[in-house]
Amino acid sequence: MKDLEKIITKELLKKVLPKETENLSEDFSFYIDEDYIVFRDEGEQLFNYNIYKFTHECKKWARYKYDITISSSLYKNYAKSWNIDKDKSYTAKTEVEVIIEACNWILENSK
């Protein structure tokens, strides 16, 4: 997988996991440890969140305006996110990367 710490943003974490992040300060940090997003705040590790559960929550969050469909080929996965007047697709080696990239696009384009 790509360096997920570079493609997961705090803004996306807050949108997708509002209950889990509501008490975090603006300076919270996170890192990826195997299959988990590890949240830290004020230098203290607070909780872990499974990356696959996070991507599932990302897809649920996106469904309010978009639909993300995942397809696989022998060499890569790809996703499309779209509404009536837009069509955008992403390619990546893993489903996790594709979903996060699509949700970043949705977040950026829904401002």
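**Strands, rings and burial**

Me: Which residue is the bridge partner of isoleucine 37 in strand 3?

Reply: Tyrosine 49 in strand 3 is the bridge partner of isoleucine 37. The model is predicted: local features need pLDDT of at least 70, side-chain atom pairs count only at pLDDT 80 or more, and totals for chains, interfaces and linings use all residues. Residues are numbered from 1 along each chain as its sequence is written, and side-chain values use heavy atoms, with hydrogens and water left out.

Me: How many bridges join strand 2 to strand 3?

Reply: Strand 2 (residues 36-41) is joined to strand 3 by 6 bridges, and the two run antiparallel. Pairing requires that DSSP find at least two bridges between two strands, so the 6 bridges qualify strand 2 and strand 3 as a pair. Elsewhere along these strands, tyrosine 36 stands opposite asparagine 50 in strand 3. The two strands form a hairpin with 2 residues between them, and glutamate 42 in the turn has a positive phi of about 55 degrees. Strands (E, at least two residues) and helices (H or I, at least four) are DSSP runs, numbered from the N terminus.

Me: What makes strand 1 and strand 3 stand at the edges?

Reply: The open sheet consists of 3 strands in the order 1-2-3, with antiparallel pairing. Strand 1 (29-33) and strand 3 (44-50) each have a single partner strand, so one side of each lacks a neighbour in the sheet. On average, neighbouring strands of this sheet are turned by 25 degrees against each other, direction ignored.

Me: At what angle does helix 4 run to strand 3?

Reply: Helix 4 (residues 51-62) runs at about 65 degrees to strand 3 and lies across strand 1, strand 2 and strand 3. Axes are lines fitted to C-alpha atoms, for helices over the stretch in contact, and angles run from 0 to 180 degrees between N-to-C directions.

Me: Why is the pair of tyrosine 66 and tryptophan 105 called stacked, tilted or edge-to-face?

Reply: The structure holds 3 aromatic pairs. In this one the ring centres are 5.7 Å apart and the planes stand at 80 degrees, so the pair of tyrosine 66 and tryptophan 105 is edge-to-face. Rings of Phe, Tyr and Trp (its six-membered ring) pair if their centres lie within 6.5 Å; planes under 30 degrees apart count as stacked, over 60 as edge-to-face and the rest as tilted. Tyrosine 66 lies in the loop between helix 4 and strand 4 (67-72), and tryptophan 105 in helix 5 (residues 95-109), so the pair ties together parts 39 residues apart in sequence. Both tyrosine 66 and tryptophan 105 are buried.

Me: Why does leucine 46 count as buried, partly exposed or exposed?

Reply: Leucine 46, found in strand 3, has 41% relative accessibility and therefore counts as partly exposed. Buried means under 20% relative accessible area, exposed over 50%, and partly exposed in between (1.4 Å probe, protein chains only). Not counting residues up to four places away in sequence, leucine 46 touches Leu24, Phe39, Arg40 and Asp41, where contact means heavy atoms within 4.5 Å.

Me: Where does lysine 10 lie?

Reply: Lysine 10 lies over the face of phenylalanine 28, at 5.1 Å from the ring centre. A charge sits over a ring if NZ of Lys or CZ of Arg is within 6 Å of the ring centre and within 35 degrees of the ring normal. Phe28 also forms one aromatic cluster with Phe39 and Phe47.
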